[in-house]
Amino acid sequence: MKRRQLMVGIMMIMSLTIHGQQSMFKALFMFNFAKYIVWPDQAKQNEFIIGVSGNDAIISELNKLAAIRKINGKPIVIKKVKSPSEAPNANMYYIPASNSGKLSEVTTYFAGKPTLIITNKDNLCKKGACINYVNRNGKLKYEVNQANIKSHQLNVDPKLIALGIEIK
């Protein structure tokens, strides 16, 4: 009985660690995506804003990175929001799988605005997301939809598309 409890405990800790690592890698990916995207008028911006829909583990990882890094020479502000209107000038907007039902609201709000919409649930690049995290063979990958990125007045380096899974 004790052995079984121990095994269950170890498995719970391992799943939490793996989940935490996933959040860390997703946050690192987001910072790296910024290297391959050009925002219009970025020289006029005082800060780089990342909006996160709802409560997700990625927030703490983004805050850790924001404390020690900059994006395009700008300090980074992480905003935990319930609605896209709470981060109207977001350069990036992340929708975790738990809030994927809000994609339509988010894409409508940011239509034509220079905001890179990033999601975390299968097939969302076909529904308006610019970049979508996916797991393939146990590895974190990302899908990228160039047409969706361009519809947000963003220029994307072909390297970002080549490194991801292109969705048309």
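# Close-up views of a predicted model

**View 1. Trp 39 and Phe 48 form an edge-to-face pair in this predicted model.** Both residues, Trp 39 and Phe 48, are buried. A search of the whole structure gives 9 aromatic pairs. In the pair shown here, the ring centres of Trp 39 and Phe 48 are 5.0 Å apart. Their planes meet at 90°, so the pair counts as edge-to-face.

**View 2. Phe 33 and Tyr 142 link helix 1 to strand 7.** The ring centres of Phe 33 and Tyr 142 are 5.0 Å apart. Their planes stand at 70°, and the pair is therefore edge-to-face. Phe 33 belongs to helix 1 (residues 2-33), while Tyr 142 belongs to strand 7 (residues 139-144). The pair thus ties together parts that are 109 residues apart in sequence. Phe 33 has a relative accessible area of 2% and is buried. Tyr 142 has a relative accessible area of 8% and is buried too. A buried residue has under 20% relative accessible area.

**View 3. Five named rings make up one aromatic cluster.** The cluster consists of Phe 29, Phe 33, Tyr 94, Tyr 133 and Tyr 142. Phe 33 and Tyr 142 are the edge-to-face pair of the previous view. Tyr 94 and Tyr 133 return in the view of Asn 120, as contacts of that residue.

**View 4. Lys 113 places its charged end over the ring of Tyr 109.** The charged end is 4.0 Å from the centre of the Tyr 109 ring.

**View 5. The open sheet has 7 strands.** Their order is 3-2-4-5-6-7-9, and the pairing is mixed. Strand 3 (76-81) and strand 9 (165-166) are the edge strands, and each pairs on one side only. The whole chain has 5 helices and 9 strands. Along the sequence these elements follow the pattern α-β-β-α-β-β-α-β-β-β-α-β-α-β.

**View 6. Strand 2 runs parallel to strand 3.** Strand 2 covers residues 48-53. The two strands pair over 6 bridges. Within this pairing, Gly 51 has Lys 79 of strand 3 as its bridge partner.

**View 7. Strand 5 is covered on both faces.** Strand 5 spans residues 116-119. In a regular strand, side chains alternate between the two faces of the sheet. Leu 116 and Ile 118 lie on one side, and Ile 117 and Thr 119 lie on the other. These four residues are all buried.

**View 8. Strand 4 and strand 5 run parallel.** Strand 4 covers residues 92-95. It is joined to strand 5 by 4 bridges. Met 92 stands opposite Leu 116 of strand 5. Which helix does the chain pass through between these strands? The path leads through helix 3 (residues 103-109). This β-α-β crossover is right-handed.

**View 9. Strand 5 is also joined to strand 6.** Strand 6 covers residues 131-136. The two strands are parallel and share 2 bridges. Thr 119 has Asn 132 of strand 6 as its bridge partner.

**View 10. Asn 120 is a buried loop residue.** Asn 120 lies in the loop between strand 5 and strand 6. Its relative accessible area is 18%. Under 20% counts as buried, so Asn 120 falls in that class. Neighbours within four places in sequence are left aside here. Beyond them, Asn 120 is in contact with Lys 26, Tyr 94, Ile 95, Pro 96, Ala 97, Asn 132 and Tyr 133. Among these contacts, Asn 132 is the bridge partner of Thr 119.

**View 11. Asn 123 has a positive phi.** The angle is about 70°, although Asn 123 is not a glycine. Asn 123 lies in the loop between strand 5 and strand 6. Is Asn 123 buried or partly exposed? Its relative accessibility is 43%, so Asn 123 counts as partly exposed.

**View 12. Gln 153 also has a positive phi.** The value is near 60°, in a residue other than glycine. Gln 153 lies in the loop between helix 4 (146-151) and strand 8 (155-156). Gln 153 is partly exposed, with a relative accessible area of 46%.

**View 13. The whole chain gives context for the close-ups.** The chain has 168 residues, of which 44% count as buried. About 9,400 Å² is exposed, and carbon and sulfur atoms supply 55% of it. Among contacts between residues at least 6 apart in sequence, 58% join residues at least 24 apart.

Terms used:
Residues numbered from 1 in each chain as written. Predicted model: local features only at pLDDT ≥ 70, side-chain atom pairs only at ≥ 80, totals over all residues. Heavy atoms only, no water. Buried < 20%, exposed > 50% of the residue type's maximum accessible area, 1.4 Å probe, protein only. Pairing = 2+ DSSP bridges. Right-handed = clockwise from strand over helix to strand, strands pointing away. Phe/Tyr/Trp six-rings, centres within 6.5 Å; stacked < 30°, edge-to-face > 60°. Lys NZ or Arg CZ within 6 Å of the ring centre and 35° of its normal. Contact = heavy atoms within 4.5 Å. Areas by Shrake-Rupley, 256 points an atom, 1.4 Å probe, with all protein chains shown as cover.
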